[in-house]
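Work through the exercises below with the sequence and the coordinates open. Each task is followed by a solution in steps.

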Amino acid sequence: MSETAINTQELGEKIVQVLKTIYDPEIPVDIYELGLIYDVFVNEVMDVKILMTLTSPNCPVAETLPVEVEEKVKSLNAVKNAIVEITFDPPWTQDLMSEEAKLELGLL
């Protein structure tokens with residue numbers, strides 16, 4: 001494995017740790033465990049793209065949550081640039097939540 005592959009993988013793991021510090025204000029679970037993060041891409045020059053969704057298109061934090069994600073990810077030293085892309089395809093459902101999140105919300 002090349003040095004770059006290790007670095008991008010390590011950075012990806014650090015990004016996930018940052019995402020786990022961001023909470024949906026209406027649900028006491030972080031956005032990663034909620035299943036709102038569909039993908040995290042890190043290229044060889046440490047540019048990051050995060051594909052995420054919201055619990056609904058009318059989500060009250062639709063304007064602020066993606067900005068918060070972008071800013072927190074950009075705060076990591078290794079990240080050169082971060083872009084958050086919102087998608088509703090596929091739409092979010094409770095099935096995307098981790099077991100931990102379902103347990104936290106009393107759904108198990």
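The exercises concern a predicted model and go from confidence to the core, then to one helix and its charged pairs.

**Exercise 1. Confidence**

Task: State the mean pLDDT of the protein chain, and find which elements have the lowest and the highest mean pLDDT.

Solution.
Step 1. Averaged over the protein chain, pLDDT is 91. A value of 70 or more is reached by 94% of the residues.
Step 2. By element, the lowest mean belongs to α1, at 85, and the highest to β2, at 97.
Step 3. Where pLDDT is low, predicted coordinates should not be read in detail.

**Exercise 2. The largest nonpolar core**

Task: Determine how many residues the largest nonpolar core has, which members touch the most others, and which elements supply it.

Solution.
Step 1. The core has 28 residues. Those touching the most other members are L19, I50, V69 and V73.
Step 2. At least two core residues come from each of α1 (3-19), β2 (47-52), α2 (65-74) and β3 (81-86). The element that gives the most is α1, with 4 residues.
Step 3. Take V73 as an example. With neighbours within four places in sequence set aside, V73 is in contact with I15, V18, L19, V48, I50, V79 and A82.
Step 4. As background, nonpolar side chains in soluble globular proteins tend to be buried together.

**Exercise 3. The buried face of α2**

Task: List the buried residues of α2 and decide how they are arranged about the helix axis.

Solution.
Step 1. The buried residues in α2 are L65, P66, V69 and V73.
Step 2. Viewed down the axis of α2, these buried residues fall within an arc of 100 degrees, so they line one face of the helix.

**Exercise 4. Salt bridges within α2**

Task: Describe the salt bridges that E68 and K74 form, and classify each partner as buried, partly exposed or exposed.

Solution.
Step 1. E68 pairs with K72, with 3.2 Å between the closest N and O atoms. Both residues lie in α2, 4 residues apart, which is about one turn of the helix.
Step 2. Partly exposed covers relative accessible areas between 20% and 50%. E68, at 30%, is therefore partly exposed, and K72, also at 30%, is partly exposed.
Step 3. K74 pairs with E70, with the closest N and O atoms 3.6 Å apart. This pair too lies in α2 with a spacing of 4 residues, about one turn.
Step 4. K74 has a relative accessibility of 39% and counts as partly exposed; E70, at 25%, is partly exposed as well.
Step 5. Beyond four places in sequence, K74 touches V79, N81 and A82. The C-alpha atoms of K74 and L11 are separated by 12 Å, the two residues being 63 apart along the chain.

**Exercise 5. A salt bridge outside the helices**

Task: Find how many salt bridges the whole structure has, then locate K20 and E33 and state whether each is buried or partly exposed.

Solution.
Step 1. The search of the whole structure gives 4 salt bridges.
Step 2. One of them joins the side chains of K20 and E33, at 3.2 Å from N to O.
Step 3. K20 and E33 both sit in the loop between α1 and β1 (37-42), 13 residues apart, and the pair links distant parts of the chain.
Step 4. K20 has a relative accessible area of 29% and is partly exposed. E33, at 9%, is under the 20% limit and therefore counts as buried.

Technical notes: Residues numbered from 1 in each chain as written. Predicted model: local features only at pLDDT ≥ 70, side-chain atom pairs only at ≥ 80, totals over all residues. Heavy atoms only, no water. Core = buried A, V, L, I, M, F, W, Y, C linked by side-chain atoms within 4.5 Å. Buried < 20%, exposed > 50% of the residue type's maximum accessible area, 1.4 Å probe, protein only. Contact = heavy atoms within 4.5 Å. pLDDT = per-residue confidence, 0-100. Arc of directions from axis to C-beta.
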